[in-house]
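Let's take a look at how side chains meet in this protein. Have the sequence and the 3D view open as you read.

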Amino acid sequence: MRVTNKMNGLQLSETFTNMQNIAYVLHGNCYINMTNRCTLRCAFCPKFNKQWDVKGYLLRLKSEPDTQEILTAVGDPTRYKEIVFCGLGEPTLRLKELLIVATQLKLQGATIRLNTDGLANAVYKKDITPLLKNCVDSISVSLNAHHTKLYEKHCRPLIDNAFYAVQDFIRTAREHIDDITITAIDGLPEVDISACEKIAATLGVKFRSRILDEVG
Ligand code: SF4
């Protein structure tokens with residue numbers, strides 16, 4: 001069943017197969033929710049507190065949508081400032097589908113952002129960032145800590161040396177994508193936002209502090 005919703009002054013075509021929010025509108029952007037799987041198990045993540053509601057959208061997926069379902073859910077991408085591959089889950093865990101959808105949307109005139117944990121190279125054990133070059137305009141990478149011990153505490157990665165793997169990902173990605181931003185959540189215990197900002201400066205990318213549970 002296909003239903004057209006009106007939110008925030010924008011029309012969003014949502015495919016309610018299994019009543020899933022595959023795409024949702026916030027801030028004039030369209031956010032794509034293509035997986036609930038993650039490489040991290042962040043202690044602050046709402047889904048680990050059984051909270052799947054983000055700004056009125058229930059983001060728990062009964063099944064992962066295929067590329068056509070995602071494209072149908074987005075509809076005409078030119079209605080939005082940006083199309084953002086987001087969550088609740090890590091979009092690069094569905095890299096093949098992400099590349100297909102991003103390429104299609106780009107051909108239709110979309111501006112594409114990837115919100116990621118920055119661990120794709122570690123997951124796939126190779127540099128995947130050249131694949132993003134022609135279909136992703138900007139990348140937002142969650143760092144969420146200024147040293148490895150704190151990163152392990154807040155993000156609980158299943159990958160060894162993940163804090164450094166994220167920074168390695170950024171170094172490779174900046175060869176292909178001009179617009180990269182590191183984010184950290186302001187207010188997470190012990191996180192020094194200015195120290196996170198310095199890491200971003202050292203890596204030659206932008207920095208933005210976020211508010212917990214705010215999609216951006
Ligand atoms: S990366 Fe995002 S969705 Fe995944 S566990 Fe962390 S906060 Fe939750």
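What follows goes through ring pairs, a charge over a ring, and salt bridges.

First, some housekeeping: this is a predicted model, so local features need pLDDT of at least 70 and side-chain atom pairs count only at pLDDT 80 or more, while totals for chains, interfaces and linings use all residues. Residues are numbered from 1 along each chain as its sequence is written, and side-chain values use heavy atoms, with hydrogens and water left out.

**Rings**

Let's begin with the aromatic rings. Rings of Phe, Tyr and Trp (its six-membered ring) pair if their centres lie within 6.5 Å; planes under 30 degrees apart count as stacked, over 60 as edge-to-face and the rest as tilted. Searching the whole structure turns up four aromatic pairs. One of them is Tyr24 with Tyr31, a stacked pair with 5.5 Å centre to centre and 20° between the planes. Tyr24 also pairs with Tyr57, this time tilted, at 5.2 Å centre to centre and 45° between the planes. That second pair links distant parts of the chain, since Tyr24 is in strand 3 (residues 23–26) and Tyr57 is in strand 6 (residues 57–58), 33 residues apart. Helices (H or I, at least four residues) and strands (E, at least two) are DSSP runs, numbered from the N terminus.

Put together, ring pairs link Tyr24, Tyr31 and Tyr57 into a cluster. Are these rings buried or exposed? Buried means under 20% relative accessible area, exposed over 50%, and partly exposed in between (1.4 Å probe, protein chains only). Tyr24 counts as buried at 1%, Tyr31 is buried at 0%, and Tyr57 is buried at 4%.

Elsewhere, the charged end of Arg156 sits over the ring of Phe48, 6.0 Å from its centre. A charge sits over a ring if NZ of Lys or CZ of Arg is within 6 Å of the ring centre and within 35 degrees of the ring normal.

**Salt bridges**

Now for the opposite charges. A salt bridge here is a side-chain nitrogen of Lys or Arg within 4 Å of a carboxyl oxygen of Asp or Glu. How many salt bridges does this rule give? The count comes to eight, and the table shows some of them.

| Salt bridge | Closest N to O |
|---|---|
| Arg94 and Glu64 | 3.4 Å |
| Arg113 and Glu82 | 3.0 Å |
| Asp137 and Lys106 | 3.0 Å |

Take Arg94 and Glu64 to begin with. Arg94 lies in the loop between strand 7 (83–85) and helix 2 (95–107), and Glu64 in the loop between strand 6 and helix 1 (67–74), so their bridge ties together parts that are 30 residues apart in sequence. Arg94 is buried at 7% relative accessibility, whereas Glu64 is partly exposed at 31%. Both belong to a network of salt bridges that links Arg37, Glu64, Arg94 and Glu97.

Next come Arg113 and Glu82, which meet in a salt bridge. This pair links distant parts of the chain, with Arg113 in strand 8 (residues 112–116) and Glu82 in the loop between helix 1 and strand 7, 31 residues apart. Arg113 is buried, at 9%, and Glu82 is buried too, at 19%.
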